[in-house]
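Me: I would like to go through the terms used for this model one by one, and to see each of them set against its criterion.

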Amino acid sequence: MAKPKTKSKSKGSTSPGFNKAVQLLLHLTAVLQFNYGVYYFHALDMPNTVPFAGKFKYLTFLCAIIQALYYTVSLANDFVGTNELTPKKPPAVRRFKDWLMATLAFPVAINVGVTFWTLYAIDRELVFPKVLDPVFPSWLNHVLHTNIMVFIVLELFISYRSYPKRSHGLAGLTIFMVSYLIWIHVVKHYSGVWVYQVLEVLQLPQRILFFVAVVGFTLSLYLLGEFLNNTVWAKEVKLAKRKSN
């Protein structure tokens, strides 16, 4: 008498629920830490800093706001949107989530983290002078400059997103970065002081090269994010392209 076939557990039968739980945990943790980080940093009284424009003159602060917004949107998408890999008609919250991750959240987070820790290693006084140590907690420093990279890389691996048309994504990121460079010149005009000490030690030609390098580096990070997404989610990207054709 033939034995009845037993249904073996496949990876696909268990992974969706597990992935959903991991996504939810990551998004909830990120929402709590980045929103609290924004709140704490905004309320922080920092000595020897330019009072004009408050914390909104720092790319670190703007990046933290972007991360808080992204993970809040991601958490909302977990409940009222969809995490389906290639939905036929993705809801608006999912489309905005994908756009925000690709265009701003990933490249700006990696830019802020890499730039900060590189300059910190060269001369911390250029980006995080020792006078801030008594008032700026170490945990906040890592939330703003370390965790932003850790969480966005984890997000890239656990959540698939559809990248926008490359020219559109790069255009959005370029507008953001150029707007920020204009903004810090406005701050310099009205306060008489550069937002970052590193700009004080650079001559005009060096500053121009520095700004060009920063924008170029950030745009290259967009391409890196797109490449990693296409590599990690190769099957899903191919399926999405077939559906769109």
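Me: Which residues form a nonpolar patch on the surface, and with about how much accessible area together?

Reply: In this predicted model, the nonpolar patch on the surface is formed by Leu24, Phe79 and Val80, which together have about 320 Å² of accessible area.

Me: Why is Leu24, which lies in helix H1, called partly exposed?

Reply: The relative accessible area of Leu24 is 32%, and the term covers values between the 20% limit for buried and the 50% limit for exposed, so Leu24 is partly exposed. Patch members need over 30%, and the 32% of Leu24 therefore meets that condition.

Me: What makes the span of helix H4 close to the expected one?

Reply: Helix H4, residues 138-158, has 21 residues and reaches 28 Å from its first C-alpha to its last. The expected span takes 1.5 Å times one less than the number of residues, which gives 30 Å for H4, and the 28 Å is therefore close to it.

Me: Where is the kink in H4 centred, and which residues of this helix are buried?

Reply: The kink, of about 45°, is centred on Asn147. Among the buried residues of H4 are Leu140, Leu144, Ile148, Phe151, Ile152 and Glu155, each having under 20% relative accessible area.

Me: How many helices and strands does the protein chain have, and what share of its residues is buried?

Reply: The protein chain has eight helices and zero strands, and buried residues make up 42% of its 245 residues.

Conventions. Residues are numbered from 1 along each chain as its sequence is written. This is a predicted model: local features need pLDDT of at least 70, side-chain atom pairs count only at pLDDT 80 or more; totals for chains, interfaces and linings use all residues. Side-chain values use heavy atoms; hydrogens and water are left out. Patches are made of residues with over 30% relative accessible area and no salt bridge: like charges are joined within 9 Å, nonpolar side chains (Val, Leu, Ile, Met, Phe, Trp, Tyr) within 5 Å. Accessible areas come from the Shrake-Rupley method with a 1.4 Å probe; for residues, only the protein chains shown count as cover. A salt bridge is a side-chain nitrogen of Lys or Arg within 4 Å of a carboxyl oxygen of Asp or Glu. Buried means under 20% relative accessible area, exposed over 50%, partly exposed in between (1.4 Å probe, protein chains only). Helices (H or I, at least four residues) and strands (E, at least two) are DSSP runs, numbered from the N terminus. The bend at a residue is the angle between axes fitted to the seven residues ending there and the seven starting there.
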